[in-house]
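This report considers how strands are arranged and how charged side chains are placed in one protein chain. The structure is shown first, and the description follows.

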Amino acid sequence: MISELGSRDATRYVLFDVDGTLIDAVDNQRLVWRTWAQRYGLDPDEVYRVALRTRPMETFAQVAPDQDPRACLAVLHELEDEDVRSGVYTAFDGAQELLNALPPAAWALVTSNYEHRVRGRFARTGLPVPRVVVDAASVTEGKPSPVPYLRAAAHLGARPEDCLVIEDAPSGVESGLRAGMTVWGVNTPAAVEGVHRHFAGLQEAVPDILAFVSGSRPHRLEGPTTAG
């Protein structure tokens, strides 16, 4: 399967979210937000609860409305960059196998983080970085807007209907669906609303993702469908 996929031109494509999908960064995110909250004398658990549902600037507006949001963001970036340098990261089971098996022109990363941090985390975990990375600096509208996934498809020269999105978060799932793409969910105990298929773990999804790219399975299944 690997040699066969590597020798063909891409006609179907896979667009991956990063944190929670390919790399397990939950503990890192929790620690970063805890440290940030402590600097401002805030309840770390409450801050993290809000941060899980909103983008950073929206989080600051809710939990620290009396603070300069630009200063808040600068502190957060400082903490995140330090975590990339010194934190412990783990790739989800199946990530290495999957990314190495995909044709280089057939996949991209679509993340709400920044590319330099993604590259740092991938270097720490030994994962390959694709040609196309759409990060927070690449778009003016983040997830759940369809813009990030549409931008990645455009860079790959792909039609949205030929793209498979792999996600773990509701905002990312909504983004992929609004872009008109097939969306499969991974690494969650229950299916995120709207996904066409759900896998409890990334590793369980590897054969079907490779089959999608090779053209040996239908574009989408009416769903959600659970596997694994």
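Contact here means heavy atoms within 4.5 Å. In that sense D168 touches D17, D19, G20, T21, V186, T188 and V192, residues up to four places away in sequence being left out of the list. The model is a predicted one, in which local features need pLDDT of at least 70 and side-chain atom pairs count only at pLDDT 80 or more, whereas totals for chains, interfaces and linings use all residues. Residues are numbered from 1 along each chain as its sequence is written, and side-chain values use heavy atoms, with hydrogens and water left out.

**The strands**

Helices (H or I, at least four residues) and strands (E, at least two) are DSSP runs, numbered from the N terminus; two strands pair if DSSP finds at least two bridges between them. Strand 4 (residues 107–110) runs parallel to strand 1 (residues 13–16), to which three bridges join it, and L15 stands opposite A108. Strand 4 also pairs in the parallel sense with strand 5 (residues 132–134), over three bridges, where V132 is the bridge partner of A108. Both faces of strand 4 are covered, W107 and L109 on one side and A108 and V110 on the other being buried, a term that stands for under 20% relative accessible area, with exposed over 50% and partly exposed in between (1.4 Å probe, protein chains only).

**Charged side chains**

A salt bridge is a side-chain nitrogen of Lys or Arg within 4 Å of a carboxyl oxygen of Asp or Glu, and a search of the whole structure finds 15 of them. Three are set out below.

| Pair | Closest N and O atoms |
|---|---|
| D19 and R121 | 2.6 Å |
| R49 and E46 | 2.5 Å |
| E161 and R159 | 3.5 Å |

Both D19 and R121 are buried, whereas R49 is partly exposed, with a relative accessible area of 41%, and E46 is partly exposed at 34%. R49 and E46 lie three residues apart in helix 3 (residues 44–51), about one turn of the helix. A network of salt bridges links D17, K143 and E167.

D168, found in the loop between strand 6 (163–167) and helix 9 (170–178), is buried yet has no salt bridge, the nearest side chain of opposite charge being K143, 7.0 Å away; for this purpose Lys and Arg count as positive and Asp and Glu as negative, while His and the chain ends are not counted. The side chains of D168 and T21 are, however, joined by a polar contact of 3.2 Å (a pair of N or O atoms within 3.5 Å; within protein, one must be able to donate a hydrogen and the other to accept it, and residues adjacent in sequence count only if both atoms are side-chain atoms).
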